[in-house]
Amino acid sequence: MSKHDDVVLRAESVGMVFNQDTPEAVTAIADISFDLHRGEVVAIVGPSGCGKTTLFNVIAGLLEPTRGRINVNGEPVHSATGHVGYMLQKDLLLPWRTVMDNVIVGLQVRNTPRKEAEAKAKVLIEAYGLKGFEDAYPSALSGGMRQRVAFMRTLAFEPDVILLDEPFSALDSQTRLILQSDVLRIIRERSCSVVLVTHDVG
């Protein structure tokens with residue numbers, strides 16, 4: 001397989017202008033191009049307000065760029081397609097659902113039979129340190145545990161591309177370092193294709 005053949009995500013001259021053609025026009029993204037290969041992690045570093053999250057929303061199909069295009073597996077992204085998993089800064093767990101039910105929520109949206117969804121979730125929960133917490137609710141979990149659940153929810157439906165939007169920024173420094181190490185291990189084990197945005201060069 002050539003380097004060209006294993007491109008999972010391609011951004012070509014992507015630009016995003018809000019309120020285009022008005023006096024209030026704001027350029028959030030000027031001209032961004034890059035390739036993400038299978039099993040690769042690409043980090044986008046920049047200060048708050050530089051357009052990182054806007055780029056993620058374009059990649060996820062939540063925003064249509066004003067110029068350029070995004071391709072995932074060679075197909076143009078025009079709307080949310082389910083090929084991209086998006087983990088935000090906040091875990092956004094559903095407080096009325098258990099750990100198990102939060103992990104499988106994306107699979108349920110895809111109409112995966114519950115037994116099959118729970119089998120996939122069980123593997124993730126046991127492999128990544130939350131065995132015994134399947135029936136716990138988010139209110140009973142630490143911040144780091146909640147982020148683990150959010151990451152497992154992202155992994156569960158096996159997206160082609162995973163977007164991580166500063167998912168550890170709200171955690172204390174020790175928990176952040178531990179979780180970053182664990183997530184990196186998981187990414188390597190599963191050969192995930194990941195785009196990570198951060199303002200922390202450390």
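## Getting to know helix α4 and its salt bridges

The buried residues of α4 pack against four partners: α2 (99–103), α3 (105–109), α5 (143–156) and α6 (173–190). Here, contact means heavy atoms within 4.5 Å. The model is a predicted one, in which local features need pLDDT of at least 70 and side-chain atom pairs count only at pLDDT 80 or more, while totals for chains, interfaces and linings use all residues. Residues are numbered from 1 along each chain as its sequence is written, and side-chain values use heavy atoms, with hydrogens and water left out.

**Exercise 1. Find the buried and the exposed residues of α4, and work out how they are arranged.**

Step 1: locate the helix. α4 covers residues 114–127, which makes 14 residues. Helices (H or I, at least four residues) and strands (E, at least two) are DSSP runs, numbered from the N terminus.

Step 2: check its span. From first C-alpha to last, α4 reaches 20 Å, close to the 20 Å expected at 1.5 Å a residue. The expected span is 1.5 Å times one less than the number of residues.

Step 3: pick out the buried residues. These are Ala117, Ala121, Leu124 and Ile125. They sit on the same side of α4, because they cover an arc of only 95° around the axis. The arc is taken from the directions from the helix axis to the C-beta atoms. As a general guide, an α-helix has 3.6 residues a turn, so residues three or four places apart point the same way.

Step 4: turn to the other side of α4, where Lys115 and Val123 are exposed. Buried means under 20% relative accessible area, exposed over 50%, and partly exposed in between (1.4 Å probe, protein chains only).

Step 5: look just past the helix. α4 is followed by Gly129, whose phi is positive, near 90°.

**Exercise 2. Describe the surroundings of Thr154 in helix α5.**

Step 1: is Thr154 buried or exposed? Its relative accessible area is 5%, so Thr154 is buried.

Step 2: follow its side chain, which reaches the backbone oxygen of Ala150 at 3.0 Å.

Step 3: list its contacts. Not counting residues up to four places away in sequence, Thr154 touches Gly85, Tyr86, Met87, Pro159 and Ile162.

**Exercise 3. Trace some of the salt bridges and say which parts of the chain they link.**

Step 1: how many salt bridges does a search of the whole structure find? The search finds 7. A salt bridge is a side-chain nitrogen of Lys or Arg within 4 Å of a carboxyl oxygen of Asp or Glu.

Step 2: try Arg69 and Glu12, whose closest N and O atoms are 3.6 Å apart. Arg69 lies in strand β4 (residues 67–72) and Glu12 in strand β1 (residues 7–18), so this salt bridge ties together parts that are 57 residues apart in sequence. Arg69 is partly exposed at 45% relative accessible area, and Glu12 is partly exposed at 28%.

Step 3: move to Arg146 and Asp91, which meet at 2.9 Å, N to O. This pair links helix α5, home of Arg146, to the loop between β6 (84–87) and α2, where Asp91 lies, 55 residues apart. Arg146 counts as partly exposed at 22%, whereas Asp91 counts as buried at 14%.

Step 4: return to α4. Asp101 and Arg114 meet at 2.5 Å, N to O. Asp101 is in helix α2 and Arg114 in helix α4, 13 residues apart. Asp101 counts as buried at 17% relative accessibility, while Arg114 is partly exposed at 39%.

Step 5: add Glu118, which is linked with Asp101 and Arg114 in a network of salt bridges.

How values were computed
A polar contact is a pair of N or O atoms within 3.5 Å; within protein, one must be able to donate a hydrogen and the other to accept it, and residues adjacent in sequence count only if both atoms are side-chain atoms.
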